[in-house]
Amino acid sequence: MPVFAAAFHAAGACDDVARALDAMVDANRARFAALKTWERAGHKADDKAFEASHKELITSMMDDVSKVIMRCKDNQAFQAAMKKLPE
């Protein structure tokens with residue numbers, strides 16, 4: 001999560017945030033693939049436990065991320081970078 005949040009805390013310009021997101025996705029492709037494999041293996045209880053134990057961090061991070069998304073939503077580079085994020 002810190003890597004994800006750091007990408008959204010890049011310098012204020014939306015193009016800078018887009019570059020940071022692109023770099024984060026590119027640098028963490030293997031990690032995203034491993035996470036997807038783990039999720040497919042059916043670790044719902046572990047996922048819920050993680051969310052419960054990190055609720056404050058997740059809420060804070062999502063508040064910050066939401067602000068950036070709203071500010072940069074019309075920026076083409078940001079839109080392209082967001083499409084690269086794994087689901």
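**Entry 1: Asn28**

I began with Asn28, which is buried at a relative accessible area of 10%. I note that the model is a predicted one. I counted Asn28 as buried because its 10% falls under the cut-off of 20% relative accessible area. I located Asn28 in the loop between α2 (14–27) and α3. I then asked which backbone oxygen lies 2.8 Å from a polar atom of the Asn28 side chain. I found that this oxygen belongs to Met24.

**Entry 2: Helix α3**

I followed the chain into α3, which covers residues 29–40 and has 12 residues. I read a reach of 17 Å from its first C-alpha to its last, close to the expected 16 Å. After α3 I came to Gly42, whose phi is positive, near 85 degrees.

**Entry 3: The largest nonpolar core**

I looked next at the largest nonpolar core, which has 15 residues. Which of its residues touch the most other members? I listed Phe8, Leu21, Met24, Val68 and Phe78. I saw that α1 (2–8), α2, α5 (55–72) and α6 (76–84) each supply at least two residues of this core. I recorded α2 as the helix that gives the most, with 6 residues. As background, I noted that nonpolar side chains tend to be buried together in soluble globular proteins.

**Entry 4: Phe8**

I examined the contacts of Phe8, leaving aside neighbours within four places in sequence. I found Phe8 in contact with Val17, Leu21, Val65, Val68, Ile69, Phe78 and Met82. Among these partners, Leu21, Val68 and Phe78 also appear with Phe8 in my list of core residues that touch the most other members.

**Entry 5: Ala18**

I turned to Ala18, which lies in helix α2. Is Ala18 buried or exposed? I entered Ala18 as buried, at 2% relative accessibility. Beyond its neighbours within four places in sequence, I found Ala18 in contact with Ala77, Phe78 and Ala81. I also checked Ala18 against Cys72, which is 54 residues away along the chain. I read a separation of 9.0 Å between the C-alpha atoms of Ala18 and Cys72.

**Entry 6: Asn75**

I closed with Asn75, which has its place in the loop between α5 and α6. What does the side chain of Asn75 reach at 3.0 Å? I found the backbone nitrogen of Ala77 at that distance. I also noted a polar contact of 3.1 Å between the side chains of Asn75 and Asp15. With neighbours within four places in sequence set aside, I recorded Cys14 and Asp15 as the contacts of Asn75.

Technical notes. Residues numbered from 1 in each chain as written. Predicted model: local features only at pLDDT ≥ 70, side-chain atom pairs only at ≥ 80, totals over all residues. Heavy atoms only, no water. Helix = DSSP H or I, 4+ residues; strand = E, 2+ residues; numbered from the N terminus. Expected span 1.5 Å × (residues − 1). Buried < 20%, exposed > 50% of the residue type's maximum accessible area, 1.4 Å probe, protein only. Polar contact = N/O pair within 3.5 Å; in protein donor to acceptor, adjacent residues only side chain to side chain. Core = buried A, V, L, I, M, F, W, Y, C linked by side-chain atoms within 4.5 Å. Contact = heavy atoms within 4.5 Å.
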